[in-house]
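Biologist: I am new to this structure and would like to understand one part of it properly. Please choose a single site and take me through it slowly, with the cut-offs behind each term.

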Amino acid sequence: MGAPPTRPADRAFAKPRRRLLAAVAAPVALLAVGAGVLVGLATPTPRPADAPAGEFSAARAYRNVEVIAARPHVAGSAANDRVREHLVGTLRGLGLQTEVQDAVAPEAGQLSSAAGGATLARVRNVVARLPGTDPTGKVFLVSHYDSVQTGPGGNDDAAGTAAILEVARALSAGPRPRNDVVFVLTDAEEACLCGAAGFAADHPLAADGGVVLNLEARGSTGPVIMFETSRNNAKLVDVFGRAAPHPVGTSFAVEIYRALPNDTDFTAFLDQKFVGLNSAYIDGGAIYHTPLDVPARMDRGSLQMHGDNALGLAREFGRTDLGDLRSGHDDTYFPVLGGLVRYPGWLTLPLAVAALLAVGALGWLLRRRGRATVGTLAAGVGLALAPVVVAPLGAWLLWAAITTIRPGYAELLDPYRPVWYRLAVVALAATVLLCWYALLRRRVGPAALAFGGLLWLALFGVLLAVLVPGGAYLTTLPALAGAVAGLTALATRLDGPWPVVAVTLAGAVAVVVLLPPVVLLFPALGMGMGAVAALVAVLVGLALLPVVDLLHPRAGGQRGLLALRARRLGALPAGAAFVAAAVLAGVGLAVDRFDADHPVPTHLMYALDAGTKKAAWLSHEDKPQPWTDRYVDRTISVADDFPGLGDDELRAGPAAAAPLPAPKVETLDDSRNGGQRVLRLRVTPQRQVRLLTLHVDTRTATVRAASAAGRNVPLKARDGRWGFGIVFHAPPPEGVEVTLTLVPRGETVSVRAMDASDGLSGLPGFRPRPANVGVVGSHSSELLAVAQTYSL
Ligand SMILES: [Zn+2]
């Protein structure tokens, strides 16, 4: 290669003669690729209200968002009745066969929110059908029209509901599809997914199953991500890649989502009858489930993206033969510059093994060519683990420090303006990697360190292929690309600029594959788990080490003052990254302050025992905010007094008893047969409530069977005194009939009835929040519970 002999430490993959040019050109090329990745994830421009009739228009859809999300409309409320009337009117106005499914339905699956007991709801789903010309099956477009009790649900899920109305309009305006298209606007998703469960289990149109497209929003902005599929998704993903105009989705998201305690209506459809795709936008999570989830906060670009994809998919599934959508395998898929790359899941493990072999071959060749020794290669592998561990740890410490300075972040899914903190975490990951590199590159050598990075990527690939196959591509493909680039450069003795071109191309693969997860993991997991994004950012860095090396002065050859200068220059990138991390974190703290538009979230509930006239303020905040702190002074378990609130430890404090009645429990029928006693009861709320619970003291009787509103209730055992419970959402004013088949232990059976309404204003001792104090987005915020024990 013509260069003078150098110490092994300088023997990198890429030794360009024009080092300065390479040090500028390669990073600039990778930055351009990174910019392309970001453009590929960007939301489209919202289309205006006068867009052609066959297109999706965010402006048209937004008009419906404003009607649906005018106010909170929790299942069972009068506000929700008005929303439902609007939906029915709109769909009928399109000429669609529209009906309301009015039913009592059980929860879908086993929800974490159902700690109180077996859960049901009275639901009213809006179901409309566009009959196909020659149907091979049905396409279901699903979203929920109810909101949480604390906010109007401007995004969650007025976005999905309004998008479906606009899709229904566009489809009705064009030629009829071949397959039936069914629009399912579900009720009581927030409570228990009961509307979707009731539709999937009981509605005649659901009897033969079909393809489900579920539309959700868990935030206010960002790209729509197709984050969940039914199993054996290859053919569905093929349609998604072809027919969705903005196909942002990754098989890795499915794995992440399974690890999160979230559920959507889609869960209710995940059985053998249905296949489908689940999509949501998730950035701007600070407003999720809060009073701030108003239409005005919606990013219309996200709405446009939701609608474009839903319409494209509805049209394609509307003409595809639906008999043939279940294929024998899952695909690996991920977004690449506005498109979707996919390959069959069975390739995952062979690819991972191939990457590992290629990296191994690279190590062998590096040693043969004198670029590294066995010792330095081993050192490179051992030391490359350091940034993988230290960067996430650093991100975790950074967020711990920021939340110490600003404790109000504790109850937020994500800060209101998280971008500065996200950039700080990325800069911190870069600091760790660059520091590590500057310290070691003279001692271990650039080639050995690059080898170490690639080997870990390849090893992670094999590990993921076995444990989390949908995520294996993340490290397998960069490792494979890096190894192939290195092997090509070494084996063909590339000269001139070509080695730099080779490692830059491999780096581009890493950026294309790994940058989207860095960008999407932040909103998906929130800043509290920014460490995961830091980990992925460090993996990008490890894949880019041969390019990173170009930023450093040549490692060998200098003596004396020159060497000192080189060492100082080598610390420059790390120093710059550190300064960037500190400045970005500081800007985040300066910019993202709590104020009236961005209030600090607080959680408060009120619980009254109408029998003993004892009341308490309760809060889920671990470290209560100053506002909450005036109400609570101890930690208690409410499992004995308010079993309907679950069995969490809560912060609590004394409250004055309000003159509110507990639900009435009447015995309609009481029969004894041998050792069994059958109690037919009516439990009736005495005020406007959204939730009714009934628990049995299992010290007084064993429950053998139970039904509520004519539906059998599963016998889920609970811990503690109230060992059996029924939770009924959106109970009708006339109450709920409950039948209990018991084996009594004594003369009387104890039951505890509780109901819950929303809103604390007017309660004795409650002082309204100042403008800069807000409400935590949770299903129990502002809950007002009244309970009483009855001996029967
Ligand atoms: Zn929700």
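**A close look at the zinc site**

Modeller: A188 is placed in the loop between β4 (180–186) and α5, where helices (H or I, at least four residues) and strands (E, at least two) are DSSP runs numbered from the N terminus. This is a predicted model, in which local features need pLDDT of at least 70 and side-chain atom pairs count only at pLDDT 80 or more, while totals for chains, interfaces and linings use all residues. Residues are numbered from 1 along each chain as its sequence is written, and side-chain values use heavy atoms, with hydrogens and water left out.

The phi angle of A188 is near 55 degrees, a positive value in a residue that is not glycine, and A188 counts as buried because its relative accessibility is 0%, the term meaning under 20% relative accessible area, with exposed over 50% and partly exposed in between (1.4 Å probe, protein chains only).

After that loop, helix α5 (residues 189–192) holds E190, and here the zinc ion comes in: its coordinating atoms are D156 (OD), E190 (OE), E190 (OE) and H289 (NE2), at 1.9 to 2.6 Å. Donors are N, O and S atoms within 2.8 Å of the metal (3.2 Å for Na, K and Ca), and since water is not among the atoms, sites may look incomplete. The arrangement of the four donor atoms is irregular because they subtend angles of 54 to 142 degrees; four donors would count as tetrahedral if all angles lay between 85 and 135 degrees, and four as square planar or six as octahedral if opposite donors were over 155 degrees apart and all others between 65 and 115, anything else being irregular.

Along the sequence, the donor residues follow the spacing D-x33-E-x98-H. E190 and H289 link distant parts of the chain, 99 residues apart, with H289 in the loop between β7 (274–283) and α10 (300–319). Both of these residues are buried; for H289 the relative accessibility is 5%, and its phi is near 65 degrees, again positive in a residue other than glycine.

The remaining donor residue, D156, brings a further backbone feature, since the peptide bond from D156 to D157 is cis, with omega near 5 degrees, and D157 lies in the loop between β3 (138–144) and α4 (158–173). As background, most residues other than glycine have a negative phi, and most peptide bonds are trans.
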